[in-house]
Amino acid sequence: QVQLVESGGGLVQAGGSLRLSCAASRSMFSIATMGWYRQAPGKQRELVASITSGGTTNYADSVKGRFTISRDNAKNTVYLQMSSLKPEDTGVYYCNERRVVSGVTLYDYWGQGTQVTVSS
């Protein structure tokens, strides 16, 4: 069973920064696409950023230029550096590990989530 353990959430003032980490207990980490999603109260979970095994990144328009996703395959860890945080960035942030081959999802795992609260 894959475990994804997030850390680094917390309370920060608007304009501040946080770095989230997600450690995966899986040797297949290096070939998976890793992503960060968030869910605000009363809203659906949405993609924040993702990074493929080859390092290609994708960001939600709302975080472009402020957030950076990166991965360290040697440590089985993915990071989300968040800067210039806004109150609308508040939510529970979830780590995701996914492997898709020829359009077929081989596996899709989620972490427990970490709370990020941005005060105005």
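## A walk through the predicted model

At 53% relative accessibility, Leu106 counts as exposed, because the exposed class begins over 50%. A quick reminder before going further: this is a predicted model.

**Leu106 and the surface around it**

Leu106 is part of strand β10, which spans residues 104–110. Leaving aside residues up to four places away in sequence, Leu106 touches Arg99 and Val101. Val101 turns up again at the surface, where Val101, Val104 and Leu106 make a nonpolar patch of about 250 Å².

Just along the chain, Ser102 sits in the loop between β9 and β10. Its backbone may catch your eye: phi of Ser102 is near 50°, a positive value in a residue other than glycine. Ser102 is exposed, with a relative accessible area of 74%.

Asn76 offers a second case of this kind, again with phi near 50° and again not a glycine. The loop that holds Asn76 is the one between β7 and β8. Is Asn76 buried or exposed? With a relative accessible area of 18%, Asn76 is buried, because the buried class covers values under 20%.

**The nonpolar core**

Moving inward, the largest nonpolar core has 28 residues. Those with the most contacts inside this core are Trp36, Val78, Leu80, Met82 and Tyr93. Several strands each supply at least two of the core residues: β3 (18–24), β4 (33–39), β5 (46–51), β7 (67–72), β8 (77–82), β9 (91–101) and β11 (114–119). Which strand gives the largest share? That is β3, with four residues.

Strand β3 is also the place of Ser21. Ser21 is buried, at a relative accessible area of 15%. Beyond residues up to four places away in sequence, the contacts of Ser21 are Val5, Glu6, Ser7, Trp36, Thr77, Val78 and Tyr79. Two of these contacts, Trp36 and Val78, are also among the residues with the most contacts inside the core.

**Aromatic pairs**

The structure holds two aromatic pairs. One of them joins Tyr37 and Trp110 in an edge-to-face arrangement, with 4.8 Å from centre to centre and 65° between the planes. Tyr37 lies in strand β4 and Trp110 in strand β10, so the pair ties together parts that are 73 residues apart in sequence. The two partners have their own surroundings: Tyr37 counts as buried at 13% relative accessibility, whereas Trp110 counts as partly exposed at 32%.

**Salt bridges**

Side chains of opposite charge can pair when their charged atoms come close. Here the count comes to five salt bridges, and the table lists some of them with the N to O distance.

| Basic residue | Acidic residue | N to O distance |
|---|---|---|
| Arg38 | Glu46 | 2.8 Å |
| Arg66 | Asp89 | 2.8 Å |
| Arg98 | Asp108 | 3.1 Å |

Take the bridge of Arg38 and Glu46 to begin with. Arg38 counts as buried, at 7% relative accessibility, while Glu46 is partly exposed, with a relative accessible area of 36%.

Next comes the bridge of Asp89 and Arg66. This pair links distant parts of the chain, 23 residues apart: Asp89 is in the loop between β8 and β9, and Arg66 is in the loop between β6 (57–59) and β7. How buried are the partners? Asp89 has 1% relative accessibility and counts as buried. Arg66 is buried too, at a relative accessible area of 12%.

Arg98 and Asp108 bring us back towards Leu106, since Asp108 lies in strand β10, the strand where Leu106 is found. Arg98 lies in strand β9, so this pair ties together parts that are ten residues apart in sequence. Arg98 is partly exposed, with a relative accessible area of 23%, and Asp108 is partly exposed as well, with 35%.

Finally, salt bridges that share partners join Arg38, Glu46, Arg66 and Asp89 into one network. If you follow that network on the structure, you will pass from Glu46, which is partly exposed, to Asp89, which is buried.

Technical notes: Residues numbered from 1 in each chain as written. Predicted model: local features only at pLDDT ≥ 70, side-chain atom pairs only at ≥ 80, totals over all residues. Heavy atoms only, no water. Patch = residues over 30% accessible without salt bridge, like charges linked within 9 Å, V, L, I, M, F, W, Y side chains within 5 Å. Areas by Shrake-Rupley, 256 points an atom, 1.4 Å probe, with all protein chains shown as cover. Salt bridge = Lys/Arg side-chain N within 4 Å of Asp/Glu carboxyl O. Buried < 20%, exposed > 50% of the residue type's maximum accessible area, 1.4 Å probe, protein only. Core = buried A, V, L, I, M, F, W, Y, C linked by side-chain atoms within 4.5 Å. Contact = heavy atoms within 4.5 Å. Phe/Tyr/Trp six-rings, centres within 6.5 Å; stacked < 30°, edge-to-face > 60°.
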